[in-house]
Amino acid sequence: RLIRDEVDRICDLVDHMGMFSDDAPVRRDAVNIHQVLDHVLQISKNGFGRHTRFVANFDPSLPAVRGDRDQLVQVFLNLVKNAVEASLDEAGEVVMETSYRHGVRFAAPGTHERVHLPLAISVTDSGSGITDKVLNRIFEPFYTTKDKGKGTGLGLSMAYSLVEQSGGQIDVASRPDEGTRFDLYLPITN
């Protein structure tokens, strides 16, 4: 069932590849973020993250986010896959957390408005971290530090684009030898 669901989701995502154009319509439905994250964890534990320890610290009282379920699954799959690859040793750990942050507002791109994005999701790895030089380019399309043939440089770029299209924000913080943390801030449904 998991494989069938993933194939259907990927087919739907490919059908909507126009998402990278500025005039593509964006679906914004009420999405239970914990169902998305549980799905991502299930895929990860049964596939590329078999040898990784996953920790889920979820706030069960969160309201639904406004977005596209399939795109959110893709965003978190990309982030978790990168976190797993950064934490490849036997003691590797990926921590996912959700929380509600009162009063969190961001400047909306191209406007003078401030957008309320109270739902926060973080993905943290126990890897070796990222240098400032790489950190400055991490969301650029086709930029990768992975060995040839192991990465396309599109995963984080796609995640950034999809989060931005859903009206959210994504930030990254990292230091060499201290791991990396991605923080996503998403709008909630009214």
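**A tour from the core to the sheet**

Begin by selecting Ile 33, Leu 72, Val 75, Phe 76, Leu 79, Val 123 and Leu 184: of the 38 residues in the largest nonpolar core, these touch the most other members. The model on display is a predicted one.

Next, colour the elements that feed this core. At least two core residues come from each of α2 (33-45), α3, β4, β7, α4 (132-135), α5 (155-165) and β9. Helix α3 makes the largest contribution, with 9 residues.

Remain with the core and centre the view on Val 75. Neighbours within four places in sequence aside, Val 75 is in contact with Ala 159, Leu 162, Val 163 and Leu 184.

Now display the strands. Five of them form an open sheet with mixed pairing, and reading across it gives the order β2-β4-β7-β9-β8. Select residues 53-57 and then 169-174: these are β2 and β8, the edge strands, and because each has a single partner strand, one side of each lacks a neighbour in the sheet. Direction ignored, the average turn between neighbouring strands of this sheet is 15°.

Within the sheet, isolate residues 93-100 and 119-125, which are β4 and β7; the two strands pair in the antiparallel sense over 7 bridges. To inspect one position in this pairing, select Val 94, which stands opposite Asp 125 in β7.

Finally, restore helix α3 by selecting residues 69-86. This helix packs on the sheet and touches β2, β4, β7, β8 and β9 (180-186). Viewed against β7, the direction of α3 makes an angle of about 25° with that of the strand.

How values were computed: Residues numbered from 1 in each chain as written. Predicted model: local features only at pLDDT ≥ 70, side-chain atom pairs only at ≥ 80, totals over all residues. Heavy atoms only, no water. Pairing = 2+ DSSP bridges. Helix = DSSP H or I, 4+ residues; strand = E, 2+ residues; numbered from the N terminus. Axes fitted to C-alpha atoms, helices over the stretch in contact; angles between N-to-C directions. Contact = heavy atoms within 4.5 Å. Core = buried A, V, L, I, M, F, W, Y, C linked by side-chain atoms within 4.5 Å. Buried < 20%, exposed > 50% of the residue type's maximum accessible area, 1.4 Å probe, protein only.
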